[in-house]
Amino acid sequence: MLGLILLYWIGKYFKELAEAYNKSKWGFAILGILSYYSGIVLFSFIIGLLFELFSPGSIEGVNDTLLGILMLPFGILSCYLLYKFLENKWKKNKPNPFESIEEIGRLD
């Protein structure tokens, strides 16, 4: 249940960001959710490799629920990083309407 609520909020924030910059709302909401899951998978793989390198065979004894809770911040971090990246990129490329108005009728 907690996971569904988290996915709702991730999708909501990415959808609002896309609306603010006239981008595909549902596409970026899905991209936000995919970034959450890809962050979890990537960091789970890294943590699993580190467990096996430093203590071979110890990953089998780790509780799956505990590992899922441990990976939650990494998924949220990957969402946050993608959100800030898209926000900064779109903010930089957004045209200033006042500059556009001044260019009307200009013969350069």
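Begin by selecting helix 1 together with helix 2 (25-54) and helix 3 (64-93): the buried residues of helix 1 pack against these two helices. The coordinates belong to a predicted model, and every value below is computed from it.

**Helix 1**

Now restrict the selection to residues 2-20, the extent of helix 1. Its 19 residues should span 27 Å at 1.5 Å a residue, and the end C-alpha atoms are indeed 27 Å apart, so the expected and actual lengths agree. Next, display the side chains of the buried residues, which are L7, I10, G11, F14, L17 and A18. These residues lie on the same side of helix 1, because the arc they cover around the axis is only 125 degrees. Turn the view to the other side of the helix, where L2 and Y8 are exposed.

**The contact between helix 1 and helix 3**

Two packed helices are described by the angle between their axes and the distance between the axes. For helix 1 and helix 3, the angle is about 5 degrees and the axes are 11 Å apart. Angles under 35 degrees count as roughly parallel, so helix 1 is roughly parallel to helix 3.

To see the residues involved, select L6, I10, Y13, F14, L17 and A18 in helix 1. Then add their counterparts in helix 3, namely L72, I76, C79, L82, Y83, L86, E87 and W90.

**W90 and the nonpolar core**

Keep W90 selected and show its surroundings. Leaving aside residues up to four places away in sequence, W90 touches L17, A18, Y21, K23 and F28.

Which members of the largest nonpolar core touch the most other members? Of its 15 residues, they are F14, Y36, L86 and W90. The elements that contribute two or more residues to this core are helix 1, helix 2 and helix 3. In soluble globular proteins, nonpolar side chains tend to be buried together.

**The loop after helix 1**

Move next to N22, in the loop between helix 1 and helix 2. N22 has a positive phi of about 55 degrees, although it is not a glycine. Most residues other than glycine have a negative phi. Is N22 buried or exposed? With a relative accessible area of 73%, N22 is exposed.

**Helix 2**

Continue into helix 2 and select W26. This residue counts as exposed because its relative accessibility is 60%, and the cut-off for that class is over 50%. Add G11 and draw a distance between the two C-alpha atoms: W26 and G11 are 15 residues apart in sequence and 8.2 Å apart in space.

Then display the buried residues of helix 2, which are F28, A29, G32, S35, Y36, G39, I40, I47 and G48. Their cover includes helix 1 and helix 3. A check on the length of helix 2 gives agreement: its 30 residues should span 44 Å at 1.5 Å a residue, and its end C-alpha atoms are 44 Å apart.

**The whole chain**

Finally, release the selection and colour the model by secondary structure. The protein has 4 helices and 0 strands, and from the N terminus on its elements run α-α-α-α. Colouring by accessibility brings out the buried residues, which make up 22% of the 108 residues. A contact map completes the tour: among contacts between residues at least 6 apart in sequence, 69% join residues at least 24 apart.

Key
Residues numbered from 1 in each chain as written. Predicted model: local features only at pLDDT ≥ 70, side-chain atom pairs only at ≥ 80, totals over all residues. Heavy atoms only, no water. Expected span 1.5 Å × (residues − 1). Buried < 20%, exposed > 50% of the residue type's maximum accessible area, 1.4 Å probe, protein only. Arc of directions from axis to C-beta. Contact = heavy atoms within 4.5 Å. Core = buried A, V, L, I, M, F, W, Y, C linked by side-chain atoms within 4.5 Å. Axes fitted to C-alpha atoms, helices over the stretch in contact; angles between N-to-C directions. Parallel < 35°, antiparallel > 145°, perpendicular 65-115°, else oblique.
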